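Student: I've got a protein model open and I don't know how to read it. Can we go through it together?

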Amino acid sequence: FGVAHRGESLTEPPLLLDIRTTTRFRERAERLACANMTDPARIGIVDMGSNAVRFLVAEATGGKIAILENHRLPVRLGRDVFHTGQIPEATISATVDAFRRFRATCDRLGVGHVRAMATSAMRDASNRDLLVDRVREACNIEIDVISGTQEAYLLKLGVETRVDLRE
């Protein structure tokens, strides 16, 4: 599974911010930290859900993870998308503004890598490319819109980190 960009096939599992990605985030952060044990790796992650956009900055040093910033903004991407099929201009503007603030935070904290994922509302929005393009132009952050299958797979992985499913 991977990230789908405008008709491309899926190749590798992506990273999300909530329970679905706790383990994957830690593993990626640990790999980055191990690559250069003297310098901490700072990572920015964005999870664009139907009700909120979650922004997180973490630092990985020697296999340990410290959360430096963690914000949840109730942008409500799905509110109109699930009724009209489109993200309204006001919501696009609010989302771009939120990404600008997150980019400023990442720059201030010396973040080396930012990963942004979007789920259901963005998959369903007929004008999702407009939002993706505006965020890219304003902030130099690429938003990856993941498939429902990817989202379910990541949810499964997240649950497995919390609950023993071997029974």
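Tutor: Sure, and we begin with vocabulary: helices (H or I, at least four residues) and strands (E, at least two) are DSSP runs, numbered from the N terminus. Glu69, for instance, is found in strand S3, residues 64-73. Residues are numbered from 1 along each chain as its sequence is written. This is a predicted model, where local features need pLDDT of at least 70, side-chain atom pairs count only at pLDDT 80 or more, and totals for chains, interfaces and linings use all residues, while side-chain values use heavy atoms, with hydrogens and water left out.

Student: How many helices and strands are there in the chain?

Tutor: Six helices and five strands. Along the sequence they follow the pattern α-β-β-β-α-α-β-α-α-β-α.

Student: What share of the residues in the chain is buried?

Tutor: Buried means under 20% relative accessible area, exposed means over 50%, and partly exposed lies in between (1.4 Å probe, protein chains only). Here, buried residues make up 44% of the 167 residues.

Student: And which strands does S1 pair with?

Tutor: Two strands count as paired if DSSP finds at least two bridges between them. S1 pairs with S2 in the antiparallel sense over eight bridges. The two form a hairpin, with four residues between them. S1 also pairs with strand S4 (residues 113-118), this time in the parallel sense, over six bridges. Take Ile43: its bridge partner in S2 is Ala58, and in S4 it stands opposite His113.

Student: Is S1 enclosed or open?

Tutor: Largely enclosed by the rest of the structure, because seven of its eight residues are buried. S2 is mostly covered too, with seven of its nine residues buried. One residue in S2 (residues 53-61) is Ala60, and Ala60 is buried, with a relative accessible area of 1%. Its C-alpha atom is separated by 6.5 Å from that of Arg42, although these residues are 18 apart along the chain.

Student: What joins S2 to S3?

Tutor: Nine bridges, with the strands running antiparallel. They form a hairpin with two residues between them, and Gly62 in the turn has a positive phi of about 55 degrees. Along this pair, Val57 stands opposite Glu69 in S3.

Student: There's Glu69 again! Is it buried or exposed?

Tutor: Glu69 counts as buried, because its relative accessibility is 19%.

Student: What does the side chain of Glu69 make a polar contact with?

Tutor: First, the rule: a polar contact is a pair of N or O atoms within 3.5 Å; within protein, one must be able to donate a hydrogen and the other to accept it, and residues adjacent in sequence count only if both atoms are side-chain atoms. For Glu69, the partner is the side chain of His71, at 2.7 Å.

Student: Which residues is Glu69 in contact with, leaving aside neighbours within four places in sequence?

Tutor: Contact means heavy atoms within 4.5 Å. On that basis Glu69 touches Phe55, Leu56, Val57, Thr105, Arg108 and Leu109. Look at Thr105, which sits in helix H3. With the same kind of neighbours left aside, Thr105 is in contact with Val57 and Glu69.

Student: Now helices. Why would buried residues be spaced out along one?

Tutor: An α-helix has 3.6 residues a turn, so residues three or four places apart point the same way. In H2, Leu77, Gly78 and Val81 are buried. They cover an arc of only 70 degrees around the axis, which puts them on the same side of H2; that arc is of the directions from the helix axis to the C-beta atoms. On the other side of H2, Arg79, His83 and Thr84 are exposed. The cover over the buried residues of H2 includes S1, H3, H4 and H5.

Student: Which residues of H5 are buried?

Tutor: Leu131, Val132, Val135 and Cys139. They sit on the same side of H5, because they cover an arc of only 100 degrees around the axis. Their cover includes strand S1, helices H2, H3 and H4, and strand S5.

Student: What follows each of these two helices?

Tutor: Just after H2, Gly85 takes a positive phi of about 85 degrees. H5 is followed by Asn140, whose phi is positive, near 60 degrees.
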